[in-house]
Amino acid sequence: MKLKKEFEQFYKDIRIDGEQSTLILKRKILEGEIKGNLPGIMDEHGIGLKKSEIRIIDQGSYKYNTTIRADVVDRDVAVMIPLDTEENSDPRKIKGYLRDSIDITVRTVQIKEPCVRAVYHKDGEEYLHIDLPLYAQDGENIYLARGREFGTPLWEPADPDGLNDDLCGKINGNPQLRRVICYLKKWKNEHYANSVSDHEVPPSIGLTYLVCDYFEAQSSTEGDNDLLAFQKTVHNICNHFSITRDYYGNITSASISRYLTVQPFTDIFKKMKDSSDSYMITFYKRLCIARENLTNALNVESDHDAAEYVVKVLGSEFEVPPKPAASKTTKSNREHSFG
C-alpha cells in the first residue's frame, strides 16, 4: 500500500495526544483564578455569583482529540455562569469582569470578539494562548458573550455541550476519520501560514465538519489507506463548492456552507464569506491544488515520487523515501576462442 508507513509516522509526528503537563498546569491555574476571583468582582458590580456555580467546559480540538502541533498552541476552555441576560444586556461588561479575574503580569489578557484570550510569551514570542469563551446560563437558555471591548455586543444563543456531543459522536471510534481531520488541519497550517486576517483562514471547526461530512473510509487487507482516504475526502469537499466562472473560465465566486446542527445554527464560514469574496475563492483553489497533488501521488509508480507530491500538501515534515535503485542490465562480454 502506497506510503502507509510514512503516513503512520507523519501522524505520530504532528499529533498532540493529550495535554502536555505545562498546559495542564496553566489551565488549572486559570481555572483556580477564575473561580477564586470572578465571584468577588461580579459582587462589586451587584451581580451575585458563587464559586460552585462556575462551570468550566472543555472545548475545541483537545476535546475532539484532533490537536496537531503548531508554533503557537491554541487551547479552548469555556466558562459558564448563571446570569440574567436581560438585566445584564451588555456581554462586553461581563467579559471585562472575566478578563479582570485573570489579568496578572505572567500573561497578556485580551477581549476578543468571541472570547477572552490569555496569551503567554517566551523571549518576546507568543507560544500559547488559551481562549475562554464566556457563556451565560439564563434559565433553560444558554448564550455566548460576543463583542470586542469596543465592538458590537451580542448575547448569541449557543449549545456548547450539544456541539461537543455532536462532534465527539462523529469522530470517536473512527481513527481514520480523526487522522484525515488532522491532515487537513496540517494543510491549513502550511498554506495559510502567512495570512494576516483571521477571517481569511478557514476555521478549524469548519474543516472538521467538512471532513466529517465528506469522508470516505479506505482500507484493505493491508490496513487503512490514508492517502486514498485523504484524497477522496478533499475531492468530495471540492465538489461541494458552488462555483461561478466568467466567459473565459476564470472563477469569479466560490462558496461552501456548513451550518451548525446546534444553537445558533449559523453557517460556520459566514464571517469568511462576509469579509471578502476572494477568501472563498482562495480556499477553493488551494483545496483543488491539494486534490491535484494527492491524485498525482496515487497515480505515480514509486513511493518516492508519491511522497514528493504529498509534501506539497502537508509540508516538509512528511518523510520522502529514497528513490528506487535503478535496474541494471548485465551484459556478457565473454570472449570466444575459435581454433
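Here are a few exercises on this predicted model, each with a worked solution.

Residues are numbered from 1 along each chain as its sequence is written. Local features need pLDDT of at least 70 and side-chain atom pairs count only at pLDDT 80 or more, while totals for chains, interfaces and linings use all residues, and side-chain values use heavy atoms, leaving out hydrogens and water.

**Exercise 1. The cavity**

Task: find which residues line the largest cavity, and which element supplies the largest share of the lining.

Solution:
- Start with the term: on a 1 Å grid over the protein atoms alone, a cavity is a set of points where a 1.4 Å probe fits but cannot get out, and lining residues have an atom within 4 Å of a point.
- The structure holds 1 cavity of 30 Å³ or more, and the volume of the largest cavity is about 50 Å³ (the space filled by probe spheres set on the points, which are joined across faces, edges and corners).
- Its lining consists of Arg27, Leu30, Glu31, Ile34, Ile56, Val77, Ile130 and Leu132.
- Now turn to the elements, where helices (H or I, at least four residues) and strands (E, at least two) are DSSP runs numbered from the N terminus. Both α2 (21–44) and β5 (125–132) supply at least two lining residues, and the largest share, 4 residues, belongs to α2.

**Exercise 2. Two packed helices**

Task: describe how α6 packs with α10, and name the residues in contact.

Solution:
- Helix α6 (residues 175–191) and helix α10 (residues 277–299) pack at about 115°, with axes 12 Å apart (axes are lines fitted to C-alpha atoms over the stretch in contact; angles run from 0 to 180 degrees between N-to-C directions).
- For the contact (heavy atoms within 4.5 Å), α6 gives Leu184, Trp187 and His191, and α10 gives Phe283, Arg286, Leu287 and Ala290.

**Exercise 3. A salt bridge**

Task: which residue forms a salt bridge with Lys186, and where in the chain do the two partners lie?

Solution:
- The rule asks for a side-chain nitrogen of Lys or Arg within 4 Å of a carboxyl oxygen of Asp or Glu; by it, the count is 21 salt bridges.
- Lys186 pairs with Glu317 at 3.1 Å, N to O.
- Lys186 sits in helix α6 and Glu317 in the segment after α11 (303–314), so to speak distant parts of the chain, 131 residues apart.

**Exercise 4. Backbone exceptions**

Task: which peptide bond is cis, and where is its proline?

Solution:
- Most peptide bonds are trans.
- The bond from Gln263 to Pro264 is cis, with omega near 10°.
- Pro264 lies in the loop between β12 (251–255) and α9 (270–275).

Technical notes:
On a 1 Å grid over the protein atoms alone, a cavity is a set of points where a 1.4 Å probe fits but cannot get out, and a pocket is an open set with protein on both sides within 12 Å along at least five of seven lines; lining residues have an atom within 4 Å of a point.
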